[in-house]
Amino acid sequence: MNNHRRRHRDPYPTRNNVTIGIEPRHDPVVWTTGANGGPLSPARLAQFDADGFLAVDTLVDTDVVADLRNELDRLRADAALAADERSICERDSGQIRSIFEVHRISPAFAALVADPRLVGPARQLLGSDVYVHQSRVNFKPGFNGREFYWHSDFETWHAEDGMPTPRAVSVSVALTENLDSNGSLMIMPGSHRWFVSCPGQTPPDHYRSSLKQQEIGTPDDASLTWLADQHGIRQITGPAGSAVFFDSNCMHGSSSNITPYARSNVFIVYNSVDNALVEPFGAAVPRPTFIASRVFDPV
Ligand code: 6CS
Ligand code: FE
């Protein structure tokens with residue numbers, strides 16, 4: 001299908017000179033129907049449906065968190081990994097910013113990905129089996145861990161990876177304490193129900209810059225102001241081991257970290273096996289598979 005015809009039918013147009021604006025989401029948020037079994041109560045499902053996220057005080061036990069923290073230190077010190085394209089460094093300090101595909105690099109993170117406390121809610125929310133679209137550790141080191149500007153993950157995954165619908169959920173697990181002050185996640189509650197078309201064109205090999213500092217695929221000021229005025233901004237804080245499940249289309253971001261305390265989180269993105277990637281909707285070629293898996297085997 002050529003781009004023109006497809007773009008005409010794309011329910012989530014973005015970039016490439018489309019009209020910048022905010023449209024209602026065309027798809028459900030919670031895909032499970034009726035009494036489908038799952039760990040989340042009807043009240044928690046309703047909360048996720050309304051807000052687009054669910055914060056959990058303790059998702060991972062302290063001993064597992066301690067193991068993951070040790071693994072984090074080992075990965076950060078691994079010289080071979082530092083040279084691997086899956087390691088993304090901070091633009092100015094050169095310190096490590098993210099490691100992608102961490103569940104394929106580390107057995108400890110592979111075990112976390114398959115943990116029923118993460119996969120169970122993901123399957124229930126998405127109403128199907130799920131596979132890992134992306135995993136990453138964001139280190140956000142102390143003193144100069146740089147921000148992640150406002151964006152919808154789904155806007156990028158739709159435009160650059162070919163994700164058809166926002167039938168994906170991220171789980172962010174805090175590996176260090178997430179404070180008000182050290183660049184913890186900010187989400188606009190309810191923003192997941194709007195799709196914001198972003199200005200600009202997707203540059204070739206965009207991921208080489210966007211994973212350090214995203215500019216294309218971020219909304220214009222007017223859209224962000226409208227969303228913030230409508231929905232407010234919630235700061236997600238919590239101890240190591242706490243977590244937040246958030247819909248792929250939430251408007252979210254996080255400030256830079258100038259405190260001495262790293263804000264290191266692991267993010268695992270579960271996509272429905274019924275939402276497998278196709279050709280990108282807003283880029284010439286798909287991104288590398290360490291950012292967007294093109295193997296759709298269920299967890
Ligand atoms: O482009 C991506 O897939 C990554 N970028 C951001 C800012 N969030 C989602 C994901 O880590
Ligand atoms: Fe994101």
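Let me start with Asp 153, which is buried, at a relative accessible area of 7%; buried here means under 20%, taken with a 1.4 Å probe and protein chains only. This is a predicted model, in which local features need pLDDT of at least 70 and side-chain atom pairs pLDDT 80 or more, while totals for chains, interfaces and linings use all residues. Residues are numbered from 1 along each chain as written, and side-chain values use heavy atoms, without hydrogens or water.

Now the metal. Asp 153, through OD, is a protein donor of the iron ion, ligand 2, along with NE2 of His 151 and NE2 of His 252, at 2.1 to 2.4 Å. Donors are N, O and S atoms within 2.8 Å of the metal, or 3.2 Å for Na, K and Ca; water is not among the atoms, so sites may look incomplete. Along the chain, the donor spacing reads H-x1-D-x98-H. Asp 153 sits in helix α8, residues 153-161, and His 252 in strand β12, residues 251-254, so this pair ties together parts 99 residues apart in sequence. Helices are DSSP runs of H or I with at least four residues, and strands are runs of E with at least two. His 252 is also buried, at 4% relative accessibility.

Next, ligand 1. A polar side-chain atom of Asp 153 is 3.0 Å from one of its nitrogen atoms. Arg 136 places a polar side-chain atom 2.7 Å from an oxygen atom of ligand 1. For Gln 134, the distance from a side-chain N or O atom to an oxygen atom of ligand 1 is 3.0 Å.

Key. Chains lettered and ligands numbered in written order. Buried < 20%, exposed > 50% of the residue type's maximum accessible area, 1.4 Å probe, protein only. Polar contact = N/O pair within 3.5 Å; in protein donor to acceptor, adjacent residues only side chain to side chain.
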